[in-house]
Amino acid sequence: MSCRTRQAGVSLVEILIALTLSLILMAGVLQVLSHTKRTYTLQDALARVQENGRFAIEVLGRDLRMAGYLGCNGRALDQVVNTLNDSDTLAYDFADAIRGFGASGTGWQPPLDSALLARSPLAGSDIVTLTALQDDDIAVVPPFMNNQSATLHAAPGSGLQQFDIVLVGDCRHSAIMQITNNNPSGSGELVHNTGLGTPGNATSNLGAVFQGDAEIGRIVRRSYFLRTGQNGRPALWQYHNSRPVSGSNPAELISNVERMVVRYGVDTTGDRQIDAYHTAAEVETAGLWPRVLSARLALLLASADEVQPREARSYALLDETVATDDGRVRRVFATTVTLRNRAP
């Protein structure tokens with residue numbers, strides 16, 4: 001005899017057990033996915049912070065190293081004949097290879113120049129201004145003029161433009177002037193008359209005769225400061241003090257930079273060795289800007305979003321401490337840069 005059995009289905013208890021096991025398994029999978037996403041978000045934010053920090057240090061470090069560069073001319077910037085109007089303002093005096101403004105409460109010490117203050121820098125962070133010569137391989141070519149106020153000449157295609165501020169030097173003498181004629185690159189003529197441009201030339205007399213051993217280059221004064229960026233967060237900005245304000249000046253370089261601290265290595269004894277690091281206010285009070293040989297720089301960068309649990313944290317930037325209490329990832333980037341054109 002044979003016995004046949006019929007399918008009787010599953011019991012409610014079996015269904016509940018299966019559902020419970022499925023939920024446990026699903027919860028584990030979701031937890032792994034959630035943890036993986038948090039880890040990815042955190043690592044991505046950290047990578048962006050590190051990338052931005054390295055770029056910021058590279059840009060600032062490069063300009064700090066080149067501060068005070070005058071090409072072959074070994075004379076100090078304060079010995080150059082400056083023919084510009086307003087040569088006593090931050091934008092056009094060019095006398096200091098480096099100049100700083102230290103954060104002090106809601107302002108800065110020494111006080112900011114009005115033009116720089118008008119760029120809306122954020123209080124609480126230092127500001128540094130650097131001067132250097134660029135494109136210094138443009139040679140003075142015939143016809144040479146013996147008149148000290150005569151037009152200079154360069155080979156056509158120099159790239160110079162009307163109202164560029166340039167330094168001309170022959171390793172013995174140098175002068176700063178503003179090109180006033182139209183199309184100097186095409187014609188090769190570098191006219192420096194009075195009455196045109198901003199700030200314009202106070203005199204057309206360059207104080208020396210420049211001939212075939214002289215070279216010309218744009219002289220640039222840049223300021224670096226923090227200001228609100230396009231994403232509404234603090235950012236590092238670069239401002240060409242001696243160029244007109246435009247859509248690209250000042251320019252936002254790096255977003256989410258929350259603090260900048262700068263200290264200046266000063267030779268106080270005249271032996272070309274750094275004796276101490278001081279704040280901008282201390283250097284200004286002692287009149288030691290010509291003796292600054294290096295700079296220590298620290299930047300605090302943050303992620304754009306909160307990607308970790310909120311808790312109180314603190315970060316050391318040189319001799320300052322910054323406290324935070326949100327969930328953004330932050331890193332401090334610091335470097336010490338020698339001003340090569342002042343170092344022994």
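Me: How do you know what share of the chain's contacts with a separation of 6 or more is between residues 24 or more positions apart?
Reply: This is a predicted model, and the share was computed from its atoms. Contact means heavy atoms within 4.5 Å. Among the contacts in the chain with a separation of 6 or more, 63% join residues 24 or more positions apart.

Me: What makes the chain more spread out than a compact globule?
Reply: Start with what it's built from: 4 helices and 17 strands. For 344 residues the globule rule gives 20 Å, but the radius of gyration here is 30 Å, well over that, so the chain is more spread out than a compact globule. Its C-alpha atoms fill a box of roughly 130 × 50 × 35 Å along the principal axes.

Me: Why is asparagine 256 called buried or exposed?
Reply: Buried means under 20% relative accessible area. Asparagine 256 has 5% relative accessibility, so it counts as buried. You'll find asparagine 256 in the loop between strand 11 and strand 12 (257-266). Its phi is near 60°, a positive value in a residue other than glycine.

Me: And leucine 318, why is that one called buried, exposed or partly exposed?
Reply: Partly exposed lies between the 20% cut-off for buried and the 50% cut-off for exposed. Leucine 318 comes out at 37%, so it counts as partly exposed. Leucine 318 sits in the loop between strand 15 (313-317) and strand 16 (320-324), and has a positive phi of about 55° although it is not a glycine.

Me: How many of the chain's residues count as buried?
Reply: With that under 20% cut-off, 44% of the 344 residues are buried.

Me: What makes a space in here count as a cavity, and how many are there?
Reply: A 1.4 Å probe has to fit there but be unable to get out. By this rule, there are 2 cavities of 30 Å³ or more. The largest has a volume of about 90 Å³. It is lined by 15 residues, and the closest to its centre include Met145 and Phe210.

Me: How does the lining of the largest cavity divide into nonpolar, polar and charged?
Reply: You get 11 nonpolar residues, 4 polar and no charged.

Me: What about the second largest cavity, which has what volume and lining?
Reply: Its volume is about 60 Å³. Of the 11 residues lining the second largest cavity, those closest to its centre include Leu70 and Glu215. That lining divides into 5 nonpolar, 4 polar and 2 charged residues. Strand 9 gives the largest share of the lining, 3 residues.

Note on methods: Residues numbered from 1 in each chain as written. Predicted model: local features only at pLDDT ≥ 70, side-chain atom pairs only at ≥ 80, totals over all residues. Heavy atoms only, no water. 1 Å grid on protein atoms, 1.4 Å probe; cavity = no way out; pocket = protein on both sides within 12 Å on 5 of 7 lines; lining within 4 Å. Points joined across faces, edges and corners; volume = space filled by probe spheres on them. Nonpolar A, V, L, I, M, F, W, Y, C, P; charged D, E, K, R; others polar. Helix = DSSP H or I, 4+ residues; strand = E, 2+ residues; numbered from the N terminus. Rg over C-alpha atoms; globule rule 2.2 N^0.38 Å. Buried < 20%, exposed > 50% of the residue type's maximum accessible area, 1.4 Å probe, protein only.
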